[in-house]
Amino acid sequence: MLWDNQDRYGAVTRTLHWGIAALMAWQFGGMLSESLLGDEAPLAVALTANHT
């Protein structure tokens, strides 16, 4: 089932939903790691390297 119907959301909607949720978790994880560990911590650098 690719598209939405009255009984259930389709694969496209679910993929977009969980993709956005994963991207938000990535962003908040990067912000939190910078706040707690500092800007130079390896985890903070890994999470924020493509966003800086």
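Begin with the whole protein chain shown as a surface: it exposes about 4,500 Å², of which carbon and sulfur atoms supply 66%, the areas coming from the Shrake-Rupley method with a 1.4 Å probe and, for residues, with only the protein chains shown counting as cover. This is a predicted model, in which local features need pLDDT of at least 70 and side-chain atom pairs count only at pLDDT 80 or more, while totals for chains, interfaces and linings use all residues. Residues are numbered from 1 along each chain as its sequence is written, and side-chain values use heavy atoms, with hydrogens and water left out.

Switch next to the C-alpha trace, whose atoms fill a box of roughly 50 × 15 × 15 Å along the principal axes. The radius of gyration of the protein chain is 16 Å, whereas a compact globule of 52 residues would have one near 10 Å (taken over C-alpha atoms, with a globule rule of 2.2 Å times the number of residues to the power 0.38). Of the 52 residues, 13% count as buried, where buried means under 20% relative accessible area, exposed over 50%, and partly exposed in between, with a 1.4 Å probe and protein chains only.

In a cartoon view the protein chain has two helices and zero strands (DSSP runs numbered from the N terminus, helices being H or I of at least four residues and strands E of at least two). Select helix 1, where the 27 residues should span 39 Å at 1.5 Å a residue, in agreement with end C-alpha atoms 38 Å apart; the expected span is 1.5 Å times one less than the number of residues. Gly38, with a positive phi near 100 degrees, follows helix 1.

Within helix 1 (residues 11–37), pick Leu16, which counts as exposed because its relative accessibility is 54%. Adding Leu2, Trp3 and Val12 to Leu16 displays a nonpolar surface patch of about 430 Å². Leu23, also in helix 1, is exposed at 57% relative accessibility, and its C-alpha lies 14 Å from that of Ala49, 26 residues away in sequence.

Finish at Thr48 in helix 2 (residues 42–48), which counts as buried because its relative accessibility is 14%. The side chains of Thr48 and Glu34 are joined by a polar contact of 3.3 Å (a pair of N or O atoms within 3.5 Å; within protein, one must be able to donate a hydrogen and the other to accept it, and residues adjacent in sequence count only if both atoms are side-chain atoms).

Terms used
Patches are made of residues with over 30% relative accessible area and no salt bridge: like charges are joined within 9 Å, nonpolar side chains (Val, Leu, Ile, Met, Phe, Trp, Tyr) within 5 Å. A salt bridge is a side-chain nitrogen of Lys or Arg within 4 Å of a carboxyl oxygen of Asp or Glu.
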